[in-house]
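Biologist: I have a new model to go through with you. Could you take my questions one by one and keep the answers short?

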Amino acid sequence: QNIVKSVNRAGFKAQNIILEPLASAKAVLSGDEKELGAVLIDLGGGTTDILLYIEGSPYYTDVIPLGGEQVTNDISIILKTPVDAAEKIKLKSGCCYMDLIQGDEEVFIPGVGGRPPRRLLKGDLVEIIQPRVSEILMMVKEKIDQKGYLKLLGGGVVLTGGGALMPGISDLAMEIFGLPTRVGYPIKFGGLVEE
């Protein structure tokens, strides 16, 4: 209701509303993926949305109350750094798949209270991030598996949302689900009307 009111107060008229995962699926899933059976996992800040397509139709949806904010909080707590600094570290240097780390890459942790910045091996950062992202993906898999839908996903897994931008996410999801996995980007749409 708040979103509709905001749109209306801005001088426009909301013609319709749509479930967020359905809008994401319309933007990133191909017709073949929908027909073969696919799961869209929208990794947001506070939640992870799930939408399953079977035989071309939306069949099941759910929400997990975990997202990118939990990853940021883990970094903040373990590295003893403010949340805003942890978010910057995650966005700039975050990775959630250890096999992608090469050599002794380092990450700089900003100092707090006038203390100098610290150095951290990127592999140590991945050891903080990967378990939380794995937990989220495992929770998605368990929800789908409990319903018996996992075997119906010939089109695989499509990841979207802010969390899908993290390096290694598709490799980790492929390992967890044992299915073809890709990061979904919006399929080309027509432009906006003049308004």
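Biologist: At what angle does helix 2 run to strand 2?
Modeller: A word first: this is a predicted model. Helix 2 covers residues 20-28 and lies across strand 1, strand 2, strand 3, strand 6 and strand 7. Its angle to strand 2 is about 60°.

Biologist: Which strands does helix 6 lie across?
Modeller: Helix 6 spans 122-146. Its direction makes an angle of about 135° with strand 3. The strands it lies across are strand 1, strand 2, strand 3 and strand 6.

Biologist: What is the strand order in the open sheet of 5 strands?
Modeller: The pairing in this sheet is mixed. From one strand to the next, the twist averages 20°. The order is 3-2-1-6-7.

Biologist: Which strands stand at the edges, and why is one side of each left without a neighbour?
Modeller: Each edge strand has a single partner strand, so one of its sides has no neighbour in the sheet. One of them covers 57-64, the other 181-183. They are strand 3 and strand 7.

Biologist: Which residue stands opposite Val183 of strand 7?
Modeller: Strand 6, residues 156-160, runs parallel to strand 7, and 3 bridges join the two. Opposite Val183 stands Leu159.

Biologist: Arg182 is in a salt bridge with which residue?
Modeller: The whole structure holds 7 salt bridges. In this one the N to O distance is 2.8 Å. Arg182 belongs to strand 7 and its partner to helix 3, residues 31-36, so the pair ties together parts 149 residues apart in sequence. The partner is Glu33.

Biologist: Which element gives the largest share of the lining of the largest pocket?
Modeller: The pocket holds about 330 Å³ of space. Its lining has 20 residues, with Gly68, Lys90, Gly162, Gly163 and Met166 nearest the centre. Two or more lining residues come from each of helix 4 (68-79), helix 5 (83-93) and helix 6. The largest share, 4 residues, is from helix 4.

Biologist: How many residues in that lining are charged?
Modeller: The lining divides into three classes. Nonpolar residues number 9 and polar ones 8. The charged count is 3.

Biologist: In what order do the elements run from the N terminus on?
Modeller: The protein has 7 helices and 7 strands. Its C-alpha atoms fill a box of roughly 55 × 45 × 30 Å along the principal axes. The order is α-α-α-β-β-β-α-α-β-β-α-β-α-β.

Definitions and conventions: Residues are numbered from 1 along each chain as its sequence is written. This is a predicted model: local features need pLDDT of at least 70, side-chain atom pairs count only at pLDDT 80 or more; totals for chains, interfaces and linings use all residues. Side-chain values use heavy atoms; hydrogens and water are left out. On a 1 Å grid over the protein atoms alone, a cavity is a set of points where a 1.4 Å probe fits but cannot get out, and a pocket is an open set with protein on both sides within 12 Å along at least five of seven lines; lining residues have an atom within 4 Å of a point. Grid points are joined across faces, edges and corners, and a volume is the space filled by probe spheres set on the points. Ala, Val, Leu, Ile, Met, Phe, Trp, Tyr, Cys and Pro count as nonpolar, Asp, Glu, Lys and Arg as charged, and the others, Gly among them, as polar. Two strands pair if DSSP finds at least two bridges between them. Axes are lines fitted to C-alpha atoms, for helices over the stretch in contact, and angles run from 0 to 180 degrees between N-to-C directions. Contact means heavy atoms within 4.5 Å. A salt bridge is a side-chain nitrogen of Lys or Arg within 4 Å of a carboxyl oxygen of Asp or Glu.
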